[in-house]
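Here are a few exercises to work through with the model open beside you. Try each task before you read its solution.

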Amino acid sequence: MSAHVQIQIIAILAAMACAIPGVFLILRKMAMICDSITHTILLGIVISFFIVQDLSSPLLVIGAALMGVLTVYLTELLNQTNLVSEDSAIGLIFPALFSIAIIMISKFASSVHLCIDSVFLGEIEFAPFDRLLLNGTDIGPKAMYLIGAIFIINLIFVLLFYKELKLVTFDKSEAFILGFAPVALHYALMTIVSITTVGVFQAVGSILVISFMIVPPATAYLLTNNLKRMIFYAILIGAINSAIGHYLAIRWDVSIAGMIATVTGIVFTIVFILSPNDGVITNIRRRKKQRLDFAKLSILFHVNRHMAKDDFVEECNINTLNEHFRMNKKFINDTITELEKESMLEIKNSIAYVTDKGRDFIEAYD
């Protein structure tokens, strides 16, 4: 298996692993907690290093994961005071913890080789060089097995607690009444987010972790209102983005992480514009239709109300209608033409008459 194939597998597994908890972060409006964790885990790594004095120790990963959970706990604690919103709490906690990490590195570990660019931008190209040996046999990159295990754990977690997660996400009060312990489930989910962030972070860096955990679920959110489909779409979109980004990076000889993140953003933009449910074009068409329906109804109500009055001829004249509604003259004329085509309005000698079909349309809204 070539290095490029291994990199592609690692990227796809990372995208799939991040997409699962990412769906619930999007639905809970906690997307930026991921960005917060990717920064604050540096403090966990630094503290763990001071304890074990070994950059290769697995305790650094444990320390990073615990710091991720602490970040969530402190954010929730601050948010529960009701003095600041959740996004403000995130903005207060993660700069504070991240700053402490930077100060500790510059003050006490300036001689330790720690490439900040590699940490945050990621060096997925080097992931295949960190090999996993089993009884002296090279069985592949460590990252491939680590991220694969995280993906399986996340999938099992969601499968086991799907109903509970769904209820807590959409109706926390009912979940509490039914005895589902929403607080415990919340922190279990945040622990999964933290472990996923730390595990994937080692191989791909901060930028891709945030891209994988937020953008594919956000893209899936634009495509469906069904939670199961959203999870499936997020996993699929993340995997496809990784494959396309890796291919383009190799073809154009650019950063793999950067290209995958770029493709992820481009795909989201395309869906954001073209989504059949909530896309920009769909919303424009929907607003146009709503405006047309409102104009149709207004004209029908007006004509129907005046048909039995003495001022009928004057009020229901086509020219009078144009002046009465104070809308774009062309739009009013087009609306009247549309009503004629639909047999809801009849024009005789420039006077508008509501048909039986038009009255039925009015009664449906009355």
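**Exercise 1. Sort the lining of the second largest pocket into nonpolar, polar and charged residues.**

Solution. Start with the classes: Ala, Val, Leu, Ile, Met, Phe, Trp, Tyr, Cys and Pro count as nonpolar, Asp, Glu, Lys and Arg as charged, and the others, Gly among them, as polar. Sorted this way, the lining residues of the second largest pocket come to six nonpolar, four polar and four charged.

Before going on, a word on the model. It is a predicted one, in which local features need pLDDT of at least 70 and side-chain atom pairs count only at pLDDT 80 or more, while totals for chains, interfaces and linings use all residues. Residues are numbered from 1 along each chain as its sequence is written, and side-chain values use heavy atoms, leaving out hydrogens and water.

**Exercise 2. Find which residues lie nearest the centre of the second largest pocket, and which elements line it.**

Solution. A pocket is an open set of points on a 1 Å grid over the protein atoms alone, where a 1.4 Å probe fits, with protein on both sides within 12 Å along at least five of seven lines; lining residues have an atom within 4 Å of a point. Of the 14 lining residues, Glu 76, Gln 80, Lys 172, Val 183 and His 186 lie nearest the centre. Next come the elements (helices are DSSP runs of H or I, at least four residues; strands are runs of E, at least two; both are numbered from the N terminus). Two or more lining residues come from each of H3 (59–79), H7 (162–170), H8 (172–177) and H9 (182–221). H9 gives the largest share, four residues.

**Exercise 3. Explain why Cys 34 is in no bond with Cys 18.**

Solution. A disulfide is a pair of cysteine sulfur atoms within 2.5 Å. The search of the whole structure finds zero. The closest cysteine sulfur to that of Cys 34 is in Cys 18, and because they are 6.8 Å apart, they are too far for a bond. Now check burial (buried is under 20% relative accessible area, exposed over 50%, partly exposed in between, with a 1.4 Å probe and protein chains only). Cys 18 is buried at 0%, and Cys 34 is buried at 0%.

**Exercise 4. Place Asp 253 and Ser 343, which have a positive phi.**

Solution. Asp 253, not a glycine, has a phi of about 55 degrees. Asp 253 sits in the loop between H10 and H11 (256–274), and is exposed at 69%. Ser 343, also not a glycine, has a phi of about 60 degrees. Ser 343 belongs to the loop between H15 (329–341) and S3 (345–348), and is partly exposed at 42%.
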